[in-house]
Amino acid sequence: MSGAEAGAVGEAALRCRAIEKRFLSNGRLDPDRPVLAGVDLDVPPGSLTAVLGPSGGGKTTLLRIVAGLETADAGEVRVLGRTVTGTGVFVPPESRRVGLVFQEYALFPHLSALENVAFGVPGPAGLTKAWGALQMVGLSEVAGHRPHELSGGEQQRVALARALAPEPAVVLLDEPFSNLDAPRRAGVREEVAQLLRRLDATAVLVTHDREEAFLLADQVVLLLDGRVVRSGRPEELARHPGSRAGAEFLGETNFLPGESDGKSALCEIGRVEILPPASGGEPPRGPVEVLLPLDGLLVEPFAEEDRAGSAVAVLTRAAFHGAFQLIEARLPSGRSIAARSPAREIWQGLLRPGQRVGLRPAGPVPVFPA
Amino acid sequence: MSVPVPSIRLPSRRLRAAGIVVAAMCLLPLVYLAGRAVAGGGLFDVLLRERSFGIAGRTLLLTAAVALGSAGLGLPLAWLTARTDLPGRRILTGLLALPLAVPSYVAAFTVATALGPRGLLQRALEPFTGWERLPEIYGFPGAFLVLVLLNYPYVYLAARARFAVMDASLEDAARVLGAGRWRRFRRVTLPLLSTALLSGGLLAALYTLSDFGAVSLLRYETFTWAIYNQVRGSLDRHTAAGLALLLVFATLLVLAAASRFEGASRPAPGAVQARPPRLHRLGGWKWAGLALASGVLLPALVLPVGVCLYWLIQAPAGAGTGLFAALGRTGLVSLLAAVATTALAIPVAFLTVRFPSKRSSALRAISHIGFGLPGLVVGLSLVFFAVNVAPFLYQTLALLVFAYAVHMLPQAIAPVEATLGPLSPRLDDAARSLGARWLRRHWRITLPLLGPGLASGLALVFLTSVKELPATLMLAPTGYSTLATTVWSAAENVELGRAAAASLVLLLFCAATLLVVLRPGRPLRPAVR
């Protein structure tokens, strides 16, 4: 294995290729219900990757396959260049060097916090290591407490310390913040992300929360219906969600029908520039759907001289949220379109229902074949 | 797309193999018995004999009478202790459940020697009344009396539990609607109690069907005693097998009848206690209540212990010879049975709790067959099996332990299932992802967490094994007399001192075991799924 590791300088710490998984329903393989349909995933060493998608989209199954708690029907998983799941290869979870933080933490209820952390690092040296891990998450004071005597956030940190103590090649976190109440969540996830970065750990975080994924991760992988729709840096995803379904999941966007000539598209608000597809290649031509994000639209009181790329719409609703104003406008065709104006634009004067406004995108926008 | 549920994951090969082994073990007695009874022609012979109908009739009569009698005694006692201001009801509540722990053969021989036509009571009364005989106790009256006194706690406990969760405002509602006391009881309270009466009555009926100790010592020929006599007296195994199969049918009949009623009388959803009930003031009636409670406890608890002590004092020297050895043998075989049964219960509990499917519910049903079979039938079928198929097993301790395990498996399964249920399967996944192999995972995580369930499984099976009589009589190696068989054979041979001494040792042993088991331990909060 050393040769593979030596040659793996540029290789990802975790690499999944064409992972497929179907579940039995009524004792039979259901061909129409793949949970994972050819999933690729590359996690560079020392980075945090978020797998983002709706519940039931296959995220947890992917994690369990990587951890070895589930087998894959096809595909390959490599950890530090070593194949752990593949054709004829299955390394059991206990020998994979893959750490896992469970959604419900799964702390051993009969063991103290320290004993929980020490479970993965047997021997006297392990105890020192476990103590260190517990200190690292700031919980050395409750080392002797049983899980039920700890708060939700403390349990979460014990679970993280337990997963990190054996120094896994990659640590997987399954919806780690979903069991925390909202006010505490923001603080805890910030701490966890900082800790992972400080340790230079390679981590995969599974979440259904767009904000969480964008905020914490270096790389976001959008997983819908068992397929990777898009992967990239958070801002890349925000700009181009990969597909119409991806855009719908991420939300906060409008779709307008249009006609593309490969460089720009003509739609009801005017002619808009096209962003090249995320996968590379040529933008679609002919009838398309134009994606207009809520935050990517400039809303201006209608000036008399009509400019290209700016259409006249009538405001139907304008809700002032303090930091921004959420507006809805009706286009000449009767279609509705929504946009969000930041406060600094509002300071020039709030928009009022009934007002006529011009709308244009702040930059090139993605289009999808209609 | 729906979220994949855990049930579509498959149990490991190791676990499946264990499940199949347990199922085969549990099916062996019944299948072998049925095969012998039908193929050997025993069932046919038995069905043609007039005597069989007498046996069947007596069995069903006694079963129905004991079930009704237990309900008639258990219900008022439950009401008295749960819903009235009966003096001393705290202590009475516990005492009234204790007769469950008295083995039927102990109760039978003490009742017979005390209340028989020329028993202790007659001797005590004769100087004053001149009565030379009391009414006959052998036969139906004695068997009925003893079995009701030992079985009413089933109804009593079930009814008490139901009273505890019964919403008192329902009775108040009926009152406001103008219902009188009797109408309230008949239309509101009684229907709410019906499940408790039914489940308690069912347990009493099943106990009666399978009881051997009381009917044999009190000479009332039901199936169990008739079967035993066939085997021991005439060595006619075909007839015994036929009778045993008929007894199995009778058991199925009772179970089927009970499940028919059960569906119709489920408590309404949400019928939980909203308000603690007001206690009825008994006033002058409290004396009647106390008389009833003591009228039950006297013959059910005080009499067995008192009569045993009396016979012990009267006993000739040497009545206690060999009792220590019997105690040791009882402890050994019961310990082996407890360990084996609990070990077998673990895979069954894992399969039913972690992998619910048609197959695992079938396994669960199969594992309960031996429990439904009277101990005598389990013992008999294993005697047949050993004699014909596995002679090397005949008269070995292994076969006796096997019989106990098959007969008592559900007693160990239930507590293990109950502890396993709330444990998240993720704990095992977590241990795996932390690098723990099979042995370390189960040693460090599964076993400690299952600890309380395993302990109560072990204790229940141990206690039941200590008291078990008929299977032990059929299967124990020659000379391997336990406390139970010592009591029974001494009572049969009218060595009353010896029977009394063995009974007292047995009762003390059970009480001591209970005390050890029930000692307060550190409560462990389970990890919630």
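In the predicted model, helices α18(B) and α19(B) meet through a defined set of residues. B:Leu427, B:Asp428, B:Ala431 and B:Arg432 lie on the α18(B) side, and their partners in α19(B) are B:Arg441, B:Ile445 and B:Thr446. By class, this contact has three nonpolar, one polar and three charged residues. Helix α18 covers residues 426-433 of chain B, and helix α19 covers residues 438-467 of chain B. Their axes come within 10 Å and cross at roughly 140 degrees. Angles over 145 degrees would count as roughly antiparallel, and 65 to 115 as roughly perpendicular. The two helices α18(B) and α19(B) are therefore oblique to each other. Their crossing is right-handed. In general, a packed pair of helices is described by the angle and the distance between the two axes.

The whole of chain B was considered next. Chain B has 22 helices and zero strands. Its radius of gyration is 25 Å, close to the 24 Å that the globule rule gives for 529 residues, so chain B is as compact as a globular protein of that length. The C-alpha trace of chain B spans about 85 × 70 × 50 Å along its principal axes.

Chain A contains strands. Strands of a sheet pair through backbone hydrogen bonds, and the pairing is either parallel or antiparallel. One open sheet of chain A has six strands, in the order β7-β8-β9-β3-β10-β11. Pairing in this sheet is mixed. Its edge strands are β7 (98-101) and β11 (227-232) of chain A, and each of these pairs on one side only. From one strand to the next, the twist averages 20 degrees.

Within this six-stranded order, β8 sits beside β9. Strand β8 (residues 170-174) and strand β9 (residues 203-207) of chain A run parallel and are joined by four bridges. A:Leu172 stands opposite A:Val204 in β9(A). A helix also packs here. Helix α5 (residues 152-164) of chain A lies across β7 and β8 of chain A. The helix α5(A) runs at about 175 degrees to β7(A).

A second open sheet of chain A has five strands, in the order β14-β13-β12-β15-β21. Here the pairing is antiparallel. The edges are β14 (270-273) and β21 (367-369) of chain A, each pairing on one side only. Neighbouring strands of this sheet are turned by 40 degrees against each other on average, direction ignored. Inside the sheet, three bridges join β12 (residues 253-260) to β13 (residues 264-267) of chain A, and these strands run antiparallel. A:Ser260 faces A:Ala265 in β13(A).

Two hairpins of chain A share strand β5. In the hairpin of β4(A) and β5(A), two residues lie between the strands. Strand β4 (residues 74-79) and strand β5 (residues 82-86) of chain A run antiparallel, with three bridges between them. The bridge partner of A:Val79 is A:Arg82 in β5(A). A:Leu80, in the turn, has a positive phi of about 50 degrees.

The other hairpin links β5(A) with β6(A), again with two residues between the strands. Strand β6 (residues 89-90) of chain A runs antiparallel to β5(A), and two bridges join them. A:Gly86 stands opposite A:Val89 in β6(A). The turn holds A:Gly88, with a positive phi of about 75 degrees.

Notes:
Residues numbered from 1 in each chain as written. Chains lettered and ligands numbered in written order. Predicted model: local features only at pLDDT ≥ 70, side-chain atom pairs only at ≥ 80, totals over all residues. Axes fitted to C-alpha atoms, helices over the stretch in contact; angles between N-to-C directions. Parallel < 35°, antiparallel > 145°, perpendicular 65-115°, else oblique. Left-handed = near helix turned anticlockwise from the far one by under 90°. Contact = placed C-beta atoms within 7 Å. Nonpolar A, V, L, I, M, F, W, Y, C, P; charged D, E, K, R; others polar. Pairing = 2+ DSSP bridges. Rg over C-alpha atoms; globule rule 2.2 N^0.38 Å.
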